Amino acid sequence: MRLSARRVGELGRHVLELQNQGQTARALDRFLLNLLSVLETRQRVGEIKTSDMPAWLENGTQRFVADREAIVSGIPALARCCAKSREHVSRSVRIHMGVSTTEWVTAIRLDLAESDLRLTDKTILDVAMD
């Protein structure tokens, strides 16, 4: 499972809490519950959750996520990456990821914006305009 920088940061905070509290049973339980919460939330955002996803959709979404210009272009670029019609891609994303194509693309864009804010010197305005 791939996690966004925000999710990795959340996990890091939970690890620090565990270190600071000591490894008591209560602290370990809290850590595990937080870990499950982070992973469950990530899956609801639209990460691939089934093994029966068609290869064209898996490959297309991977190409889309790796291409900054495609992310900016949105759903039409996703359809091009998948080499399928927008309608077919939308139906397949709903079936295999459990969210609409718009929700999935928006989540990818937000992850990209978050990464830019954390890892670059871009201003918030520049990231928003991107």
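How many nonpolar, polar and charged residues does the lining of the second largest pocket have? Hold that thought for a moment, everyone, and let me set the scene. What we have on the screen is a predicted model.

Now to the pocket. The second largest pocket holds about 160 Å³ of space. Its lining is made up of R68, I71, V72, R109, L112, A113, D116, V127, A128 and D130. Three elements give two or more residues to that lining: α4 (68-73), α7 (101-119) and α8 (124-129). The largest share, four residues, comes from α7. And here is the answer to my opening question: by class, the lining has six nonpolar residues, four charged ones and no polar ones.

Let's go from a pocket to a cavity. Rolling a probe the size of a water molecule over the atoms shows where empty space is left. In this model, the count comes to one cavity of 30 Å³ or more. The volume of the largest cavity is about 40 Å³. If you want to find that cavity on the screen, look for H14, E17, L18, Q21, A27, R30, F31 and N34, which line it. Helices α1 and α2 (25-44) each supply at least two of the lining residues. By class, the lining of the largest cavity has three nonpolar, three polar and two charged residues.

One of those lining residues deserves a closer look, and that is H14. You'll find H14 in helix α1, which covers residues 5-21. Is H14 buried or exposed? Its relative accessible area is 17%, and buried means under 20%, so H14 is buried. Setting aside neighbours within four places in sequence, H14 is in contact with F31, N34 and V38. F31 and N34 should sound familiar, as they are also among the residues lining the largest cavity.

Next, the aromatic rings. Searching the whole structure turns up one aromatic pair. The partners are F64 and W104, with ring centres 5.7 Å apart and planes at 40°, so this pair counts as tilted. The pair links distant parts of the chain, since F64 is in helix α3 (residues 55-66) and W104 is in helix α7, 40 residues apart. Both F64 and W104 are buried.

There is another ring to show you, that of W56. What sits over the ring of W56? It is the charged end of K84, 5.3 Å from the centre of that ring.

That's my tour. Thanks for listening, and please send the questions my way!

Notes: Residues are numbered from 1 along each chain as its sequence is written. This is a predicted model: local features need pLDDT of at least 70, side-chain atom pairs count only at pLDDT 80 or more; totals for chains, interfaces and linings use all residues. Side-chain values use heavy atoms; hydrogens and water are left out. Buried means under 20% relative accessible area, exposed over 50%, partly exposed in between (1.4 Å probe, protein chains only). Contact means heavy atoms within 4.5 Å. On a 1 Å grid over the protein atoms alone, a cavity is a set of points where a 1.4 Å probe fits but cannot get out, and a pocket is an open set with protein on both sides within 12 Å along at least five of seven lines; lining residues have an atom within 4 Å of a point. Grid points are joined across faces, edges and corners, and a volume is the space filled by probe spheres set on the points. Ala, Val, Leu, Ile, Met, Phe, Trp, Tyr, Cys and Pro count as nonpolar, Asp, Glu, Lys and Arg as charged, and the others, Gly among them, as polar. Rings of Phe, Tyr and Trp (its six-membered ring) pair if their centres lie within 6.5 Å; planes under 30 degrees apart count as stacked, over 60 as edge-to-face and the rest as tilted. A charge sits over a ring if NZ of Lys or CZ of Arg is within 6 Å of the ring centre and within 35 degrees of the ring normal.
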